[in-house]
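Colleague: Could you take one part of this model and walk me through it slowly? I'm new to this, so please pick the charged side chains and then go wherever they lead you.

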Amino acid sequence: IESMGGPRISFCGGRIDDVDGNESLPLEDDDAPGKNHLIYVDAGNATGQDVRQAFAKMGFGDKETVALVAGGHTFGKCHSSRSGFEGQWTHTPTRWSNSYLQNLLNLDWELVDSPAGNGKKQYNHTSGLMMLVADFEMKEDPTYRGFMEEYLNDGDLLKADFGRAWEKLMNRDMGNRPCLGEEVATPALTVDYVEVKKAVKEMLRNDRRATDFNHYGPLFVRFAWHCAGTFRGTDYRGGCDGARILHAPEKDWPDNDGLVVGDDEPQEELAKALLQPIKDRFGPGLSWGDLIILAGSAALEDMGGREVRICPGRSDETPEEAAEGSMYLDPEIYLDAEFATASQLKEEMTIMNFSAREMTVLIGGGHGIGKAHKSKSGFEGPWTHTPTIFSNGFFRDLLDNEWVETRSPMNKTQFTDKATGSLMMMHTDMAFKTDPEFRKIAEEYKEDNDLFLEDFAAAWEKLINADRFGCLLEGEGGDEEEELAAGGARELSAAGLGGALAALVAAMVAV
């Protein structure tokens with residue numbers, strides 16, 4: 001593009017090559033096998049709205065779409081052997097210009113059969129140029145037409161906007177990950193994180209809600225999980241760095257009910273409100289992103305989990321930044337826990353780059369504490385008899401008990417233990433008992449609590465730090481409290497990160 005006189009394009013390095021094309025399978029259109037509507041429309045039969053819908057799936061607005069099409073069709077030509085159309089849009093197909101729009105809007109065109117003889121239609125001009133039906137349909141769309149005329153009258157603006165749109169197209173899947181070789185400033189930490197952890201632990205057992213076992217631990221774990229859980233290894237977006245969960249749209253997602261905003265349940269206490277005094281005490285030096293992650297990790301530790309490194313230095317975004325940052329994230333964090341199958345869980349697992357073992361231990365740990373609430377997920381009840389003790393209890397109860405299919409108070413299918421009738425499991429939980437691959441791993445954790453605690457800590461650490469892209473602060477090893485007080489953290493390999501918890505917690509519900 002630059003060599004042909006186009007805009008200067010910023011490059012973000014650091015991509016990796018897949019071993020095969022399997023990761024493209026989810027992009028196939030179920031209604032038209034073999035067709036990928038995230039890239040092309042049928043250029044010989046598309047309407048302006050078809051173009052709009054296709055580019056919207058890629059996160060592009062109308063003006064960006066016009067800039068991309070106008071810039072892209074400035075160069076090159078169509079080949080009948082590839083697309084079924086033949087010809088070029090401009091007389092200078094190897095040089096940047098505004099000719100595409102000049103030709104499309106000002107010349108007289110005739111609708112003809114494609115020279116390929118395949119029944120497709122295209123527009124030809126007596127000078128030998130061509131236009132696609134989609135080009136013409138965009139011209140007839142009032143919104144697209146307005147932007148075309150604006151760019152026709154301001155070629156410099158087209159060049160600049162095309163450059164920005166092209167960079168977005170090329171770099172979107174790099175998400176928030178620093179580009180290769182990019183210098184990232186080391187965060188200046190002013191907070192004693194050991195004292196923050198102590199403050200969290202001191203309040204955990206002040207829970208007045210008898211319905212939630214008088215312990216805030218499961219609530220804080222859920223807060224941290226959902227904040228980090230938006231991270232996607234596919235395009236490096238989401239995560240708790242930025243604390244977007246505090247702002248719209250994430251705070252209003254149904255899966256996040258009871259964390260920042262609630263539904264006025266009796267005795268409901270919101271996770272953010274509970275942590276507000278700690279945030280106020282430590283001031284602006286303590287970001288919400290760090291506090292949310294530290295609160296969840298401290299809660300796990302207090303209930304019996306292992307210590308983990310939190311990689312401090314997260315920042316907090318403004319409501320406007322958060323809205324933009326959450327724009328492409330999926331508000332439906334979970335698969336349908338009432339009906340999702342083991343194969344669907346594994347399919348989602350590939351998106352998040354978590355192994356079957358990591359997924360199993362995280363689900364088992366998350367469902368080993370707390371309970372499901374009918375007002376939030378539609379399910380009701382605890383998974384274990386010890387919902388404030390972090391252990392391998394989920395696996396012991398899942399595998400040792402006989403489970404009977406029942407209905408929740410909200411008429412959702414769930415399973416109740418036959419022995420006591422006081423425990424519950426969801427359909428997705430049962431997959432870890434019935435699927436051979438998941439069952440083998442679950443059996444290991446059932447028999448070895450130390451192995452469970454060790455593997456969970458590693459998976460949790462990977463989860464909460466996935467969007468940190470390698471800690472910028474390296475501890476020297478040794479005492480965990482000394483490292484936390486100094487703001488130190490173990491460096492995590494960016495190549496080993498990843499994991500879209502949006503997919504990971506597909507089997508979880510809003511507990």
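Modeller: Let's start with the salt bridges: this predicted model holds 33 of them. The general idea is simple, since side chains of opposite charge can pair when their charged atoms come close.

Take Asp62 and Arg52, whose side chains meet in a salt bridge at 3.0 Å, N to O. Asp62 belongs to helix 2 (residues 62–72) and Arg52 to helix 1 (residues 48–57), so this pair ties together parts that are 10 residues apart in sequence. How buried or exposed are the two partners? Asp62 is partly exposed, with a relative accessible area of 22%. Arg52 has 18% relative accessibility, and because buried means under 20%, Arg52 counts as buried.

Now look at Arg314 and Asp290, which form a salt bridge of 2.9 Å, N to O. Where do these two sit? Arg314 is in the loop between helix 10 (288–302) and helix 11 (319–325), while Asp290 is in helix 10 itself, so the salt bridge ties together parts that are 24 residues apart in sequence. Both Arg314 and Asp290 are buried.

Arg237 has a salt bridge too, with Asp235 as its partner, and here the closest N and O atoms are 3.8 Å apart. Arg237 and Asp235 are both buried. You can also find charged residues joined up in a group: Lys197, Lys201, Glu301 and Glu307 are linked in a network of salt bridges.

Charged ends can turn up beside rings as well. Find Tyr236, and you'll see the charged end of Arg177 sitting over its ring, 4.8 Å from the centre. Lys346 does something like that with Phe438: its charged end sits over the Phe438 ring, 5.2 Å from the centre.

That brings us to the rings themselves. A search of the whole structure turns up 18 aromatic pairs. One of them joins Phe394 and Phe395: the ring centres are 5.3 Å apart and the planes are at 80°, so this pair is edge-to-face. Phe394 is buried, with a relative accessible area of 0%, and Phe395 also counts as buried, at 0% relative accessibility.

Compare that with Phe452 and Phe456. Their ring centres lie 6.1 Å apart with planes at 35°, so this pair is described as tilted. Which helix holds them? Both are in helix 17 (residues 449–464), four residues apart, which is about one turn of the helix. Phe452 is buried, and Phe456 is buried as well.

Now put these rings together. Ring pairs link Phe394, Phe395, Phe452 and Phe456 into a cluster that also includes Trp225, Phe390, Tyr445 and Trp460.

Keep your eye on Trp460 for the last stop, because one of the residues it touches is Ala224. Ala224 lies in helix 8 (residues 217–228) and counts as buried, at 0% relative accessibility. What else does Ala224 touch, leaving out residues up to four places away in sequence? Besides Trp460, the list has Ile292, Ile293 and Gly296. You can also try the distance from Ala224 to Leu291: they are 67 residues apart along the chain, yet their C-alpha atoms are separated by 8.9 Å.

Technical notes: Residues are numbered from 1 along each chain as its sequence is written. This is a predicted model: local features need pLDDT of at least 70, side-chain atom pairs count only at pLDDT 80 or more; totals for chains, interfaces and linings use all residues. Side-chain values use heavy atoms; hydrogens and water are left out. Helices (H or I, at least four residues) and strands (E, at least two) are DSSP runs, numbered from the N terminus. Buried means under 20% relative accessible area, exposed over 50%, partly exposed in between (1.4 Å probe, protein chains only). Contact means heavy atoms within 4.5 Å. Rings of Phe, Tyr and Trp (its six-membered ring) pair if their centres lie within 6.5 Å; planes under 30 degrees apart count as stacked, over 60 as edge-to-face and the rest as tilted. A charge sits over a ring if NZ of Lys or CZ of Arg is within 6 Å of the ring centre and within 35 degrees of the ring normal. A salt bridge is a side-chain nitrogen of Lys or Arg within 4 Å of a carboxyl oxygen of Asp or Glu.
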